[in-house]
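Reader: Please take a close look at the surroundings of the first ligand, and then follow the helices outward from there. Which parts of the chain are involved, and how do they pack?

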Amino acid sequence: MVDSSSSSLGGVKICFYGAGSMAEAILRGLVEAKLTDPNQITVMNRQNTDRLLQLEQQYGIIPATTDDLKNEALTSASIIILGMKPKDAANAIKVLKPLLRPEQLIISVIAGLSIDTIHQLLERKQPIARTMPNTSSTIGLGATGISYSDTVSSDQRELTLAIFNAVGITAIVEEPQIEAVTGVSGSGPAYVYYLMEAMIKAGVQLGLSPEAAKELTVQTVRGAAEMVVSTGENPGDLRRKVTSPNGSTQAAIEILDQFSFQEGINKAILRCAERAQEMGESIRAEAVQD
Ligand SMILES: NC(=O)C1=CN([C@@H]2O[C@H](COP(=O)(O)OP(=O)(O)OC[C@H]3O[C@@H](n4cnc5c(N)ncnc54)[C@H](O)[C@@H]3O)[C@@H](O)[C@H]2O)C=CC1
Ligand SMILES: O=C(O)[C@@H]1CCC=N1
């Protein structure tokens, strides 16, 4: 089920544990949609205080710059969002373990990290929302897959939806399908940018200025996506409408087929999902080491 509705987060305290690009995309959405008061949001990272102060200046959120402030932020939040890289996750979760109260909701955006591994690292069945957003959340056009542990209450499910619906659309999936979400939409923006890079390069090769090639490419990708949304037609049907028999588009598609374009995309997405699983297994290995 895909959902794009939103509701208010009221006075719920949210702590971003990790303050990188994904954390910023989400907190920016929350603040700009006025879903929560910025002073209900605390942000922390490992050591880059300048980054926290920049986020404070830009969004009005509260930076947790000392160990005491970090501990207080983690202890007092109703929701803790794990936003570190997979390689840093095991250590960060171990630090969190003695500070947590049983009813605090953990939302993870970390690729590959399973609910079971988080439970193992915490040695208890904390409520967990495992999510896979994407960077388009920055402009409110994100696509986020969400799965919940059994211990997440219905209020916590609503809060999770409110957070991610503030930055785009959401789809609730069973946990094993989160890797598929990573393959399709988590990493998906990168495939589209890669396609755009190739289109711009070819345009320049054919004599367009770099600026014109870029503008035409960007508008084409934007227009194509918007056509699917506003007409409700399938991408395949829309493609066929562009493709006149024996015309220039058909000639282009034949070349793409010659280079196994669709197979390439298929294999890329399958490998992406597999890689996410491998990253998750590395974190699990750290969890069982202790
Ligand atoms: N960038 C993307 O397109 C997407 C990323 N993700 C996931 O989001 C997570 C974060 O990715 P980015 O924001 O791109 O990474 P990033 O490198 O921009 O940010 C990571 C943040 O975690 C902090 N951190 C690391 N260890 C910490 C610790 N022990 N305590 C406190 N803070 C700590 C770092 O200081 C930094 O602020 C990753 O796990 C990734 O799998 C999910 C979907 C899309
Ligand atoms: O490349 C990565 O591992 C992350 C996960 C989804 C997008 N970026």
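Author: Helix α4 makes the largest contribution to the shell around ligand 1, giving 4 residues. Helices here are DSSP runs of H or I with at least four residues, strands are runs of E with at least two, and both are numbered from the N terminus. A residue belongs to the shell if its C-beta atom, placed from the backbone, lies within 6 Å of the molecule. The model is predicted, so local features need pLDDT of at least 70 and side-chain atom pairs count only at pLDDT 80 or more, while totals for chains, interfaces and linings use all residues. Residues are numbered from 1 along each chain as its sequence is written, and chains are lettered from A and ligands numbered from 1 in the order in which they are written.

The shell around ligand 1 holds 26 residues, of which Gly18, Gly20, Met22, Asn45 and Ala111 come nearest. Two elements, α1 (21-32) and α4 (86-96), give two or more residues each to this shell. Sorted by class, the shell has 13 nonpolar, 10 polar and 3 charged residues (nonpolar: Ala, Val, Leu, Ile, Met, Phe, Trp, Tyr, Cys and Pro; charged: Asp, Glu, Lys and Arg; polar: the others, Gly among them).

Ala111 also appears in the shell around ligand 2, together with Thr182, Gly186 and Ser187. That shell has 1 nonpolar and 3 polar residues, and no charged ones.

Helix α4 also packs on helix α5 (residues 115-122), with the axes 9 Å apart and an angle of about 45° between them. Axes are lines fitted to C-alpha atoms, for helices over the stretch in contact, and angles run from 0 to 180 degrees between N-to-C directions. The two helices are therefore oblique to each other (under 35 degrees is roughly parallel, over 145 roughly antiparallel, 65 to 115 roughly perpendicular, and the rest oblique). Their crossing is right-handed; the term means that the near helix is turned clockwise from the far one by less than a right angle, and left-handed that it is turned anticlockwise. On the α4 side the contact is made by Ala90, Ile93 and Lys94, and on the α5 side by Ile118, Leu121 and Leu122 (C-beta atoms, placed from the backbone, within 7 Å). Of these residues, 5 are nonpolar, none is polar and 1 is charged.

Thr182 leads on to helix α7 (residues 178-186), which packs against helix α12 (residues 261-289) at an angle of about 130°, with the axes 8 Å apart. This pair is therefore oblique as well, and its crossing is right-handed. Glu179, Ala180, Thr182, Gly183 and Val184 of α7 face Ile269, Leu270, Cys272, Ala273, Ala276 and Gln277 of α12. The contact has 7 nonpolar, 3 polar and 1 charged residues.

The records add two spans. UniProt, in an unreviewed entry, lists residues 13-112 as "domain: Pyrroline-5-carboxylate reductase catalytic N-terminal" (its positions follow the numbering used here, feature names are shortened, and annotations may be inferred rather than shown by experiment). That span is 44% helix and 18% strand, and its end C-alpha atoms lie 26 Å apart. Residues 175-279 are listed by UniProt, again in an unreviewed entry, as "domain: Pyrroline-5-carboxylate reductase dimerisation". There the chain is 83% helix and 0% strand, with the end C-alpha atoms 15 Å apart.

Terms used: Contact = placed C-beta atoms within 7 Å.
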